[in-house]
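Please follow this walk through the structure shown below, which moves from the contact between chains to the strands and helices within one of them.

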Protein chains: 2
Amino acid sequence: MTSRFDVAAIGNAIVDVIAPCDEAFLEAQALTSGTMMLIDGERAAQLYAAMAAGVEASGGSAGNTVAGVASFGGKAAYIGKIAADQLGEVFTHDMRAQGVHFATAPFEGGEATGRSLINVTPDGQRTMSTHLGVAGQLTPDDVDPTVIEAAAITYLEGYLFDPPSAREAFVKAAGVARAAGNKVAITLSDVFVVDRWRTELLDFLAASTDLVFANENELKALFETDDFDAAVEKLRALVPLAAVTRSEHGSLVIARDETHAVPAYPVHKVVDTTGAGDQYAAGFMFGLAHGRALDDCARLGSLAAAEVIAHYGPRPLVSLKALAKTAGL
Amino acid sequence: MTSRFDVAAIGNAIVDVIAPCDEAFLEAQALTSGTMMLIDGERAAQLYAAMAAGVEASGGSAGNTVAGVASFGGKAAYIGKIAADQLGEVFTHDMRAQGVHFATAPFEGGEATGRSLINVTPDGQRTMSTHLGVAGQLTPDDVDPTVIEAAAITYLEGYLFDPPSAREAFVKAAGVARAAGNKVAITLSDVFVVDRWRTELLDFLAASTDLVFANENELKALFETDDFDAAVEKLRALVPLAAVTRSEHGSLVIARDETHAVPAYPVHKVVDTTGAGDQYAAGFMFGLAHGRALDDCARLGSLAAAEVIAHYGPRPLVSLKALAKTAGL
């Protein structure tokens, strides 16, 4: 049976505000390089005032991923909460302009569309301070079962483990997907998320997921160990399939009976690492939904990640479909 | 006497929405490549819906110019009308983050901050469809005489010749600047603007300006001729100083008794020509305000233009001060 969607993703609908900074700025603002921190409106206003002039672009981890799937020529749907405001219009436009199905009702109320203030150091590392706004107001009612039933893979953004109603939405979506015989994927998103919800995440992974995305630090945090190989074996025992990204060292695909180490694609100059993991997931799931071998799925992921870190902004600027063709994938 | 500001600019406060397109898109949307067209809210919604996913960045011709002046290490002020909305906040932030004085009161009312929908073809050419929103609501009351009196050069954006109250603001600003012994500069902005207001523009140039910026097409349109050299001589007779930009052929500085042809800076790949003329004006006026020779002013302008066309977005991404130092300027 052909699915209507390769991937249906549920995530924080966020507009990114991206500006350059130096290491001294991160220190002065008490920010930890390479992480995502949740901030309230007051802190967002204060931090924004201190930031350099920037550019705005639709973001959100899972939003970036479905944009990547669409760029590969895949079919994607997105579920996430925006407000009926200008940034919400921008987010909606950018989704639909890429052919992504996006029909979540905007949140009516005082709060604004979520914003992530992203400070990028000269080494390309990004540090995100996210004011969720209405993004965290996602509820199980926002999960349209017909969308989940029609998707080969339902992809859940770990960041949404924070708001209780959004986590309920995950449980509903995973149940609908499994009942329809579809796969459930999740990204661990961030070491802070893993630290906050380790027990709950481990339970959810074991009970409800077929595919886990994590980077090296998130994986180590999940199993509270510095021993990468030990963490890999624990993850292998927990879920049927996982992909672990290791920055310039490529990625590791971990299945029950096989392991594939796939190198990273070379990048001339790393400009902004925002969205690297999101695009890796896009390539991997596009491949998986189209029946590709696991190592090719990882190569598609690496290719997409390499495209996005070579420029400012969290989504691909060129057709990943064309890029994959050129790369012989 | 040292001025508090090198440049005080008055312009349409606009946020750019920049997306890639192909030539067929321009044709289908009845857009003329390389021009700026004013559109109403309904058309803006329709065009935006048809556009590809994009990025947002603070823009506006004169706004880009003062950002460039600040990037050179110059002191700048800006006068322009935003609404009290999210895009207005973005515009304000980006001005102040660069150290630009910006204190125009936001417009209170139903309309939104102005937006320019910019479609960029693969050759880097930009085609702008601008929904002015509240930007056109600028009035003489918004012109703070203390700012104009404190600026070595008052810079006027030709686009504001369209709304009558904004043109009155120009007349007021020019009067204040001249009375204070300061210079008045203007950019012709666009061939359509020149065609709409030729007589009025010619009168204003003769009566109230010390420095005119134009590109080749605007200059020819102003004097309704295809003879570039003839147009140059007419401009020389009209105003004390002018700088005419000729894309890859560099620029021509036209003073009463001297002419300087200055080549363009080489660019590896032209990505997006949005803001090229704005940055040329920034470099030229920064040089002029700092007592540089006219040919060096043109070189500073060419350098800034080369920086901005090598990437997406209308404002410099690197320090023009540092760039000028590296270039021996």
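Two strands are said to pair if DSSP finds at least two bridges between them. With that in mind, one can turn to this model, which is a predicted one, and begin where its two chains meet. In strand E4 of chain B, Ala57(B) is the bridge partner of Val55(A). That bridge belongs to an antiparallel pairing between E4(A) and E4(B), the latter covering residues 55–58 of chain B, and the pairing runs over three bridges.

The strand pairing is set within a broader contact, to which chain A gives 19 residues and chain B gives 19 residues. On the side of chain A that touches chain B, the elements that give two or more residues are strand E4 (55–58) and helix H4 (86–97) of chain A. Of these, H4(A) provides the largest share, six residues. By residue type, this side of chain A is made up of ten nonpolar, six polar and three charged residues.

Within chain B, a run of strands deserves a look next. Strand E12 (residues 241–245) of chain B pairs with E13(B) in the antiparallel sense over five bridges, and in this pairing Ala243(B) stands opposite Val253(B) of E13(B). The two strands form a hairpin with five residues between them, and in its turn Ser247(B) has a positive phi of about 50°. E13(B) is also joined to strand E14 (residues 259–262) of chain B, by four bridges and again in an antiparallel arrangement, with Ile254(B) having Thr259(B) as its bridge partner in E14(B). Here the hairpin that joins E13(B) to E14(B) passes through three residues. E13(B), which spans residues 251–255, is mostly covered, since four of its five residues are buried.

The last stop is a pair of helices. Two packed helices are described by the angle between their axes and the distance between the axes. For helix H3 (residues 61–71) and helix H11 (residues 276–289) of chain B, the axes come within 8 Å and cross at roughly 45°, which means that H3(B) is oblique to H11(B). The crossing in which H3(B) passes H11(B) is right-handed. Where they meet, H3(B) contributes Ser61(B), Asn64(B), Thr65(B), Gly68(B) and Val69(B), while the residues of H11(B) include Asp278(B), Ala281(B), Gly283(B) and Phe286(B). The residues of this contact between H3(B) and H11(B) divide into five nonpolar, six polar and one charged.

Note on methods. Residues are numbered from 1 along each chain as its sequence is written. Chains are lettered from A and ligands numbered from 1 in the order in which they are written. This is a predicted model: local features need pLDDT of at least 70, side-chain atom pairs count only at pLDDT 80 or more; totals for chains, interfaces and linings use all residues. Two residues are in contact if their C-beta atoms, placed from the backbone, lie within 7 Å. Ala, Val, Leu, Ile, Met, Phe, Trp, Tyr, Cys and Pro count as nonpolar, Asp, Glu, Lys and Arg as charged, and the others, Gly among them, as polar. A residue is buried if 20 or more other C-beta atoms lie within 10 Å of its own, exposed if 12 or fewer, and partly exposed in between; C-beta atoms are placed from the backbone. Axes are lines fitted to C-alpha atoms, for helices over the stretch in contact, and angles run from 0 to 180 degrees between N-to-C directions. Angles under 35 degrees count as roughly parallel, over 145 as roughly antiparallel, 65 to 115 as roughly perpendicular and the rest as oblique. A crossing is left-handed if the near helix is turned anticlockwise from the far one by less than a right angle, and right-handed if clockwise.
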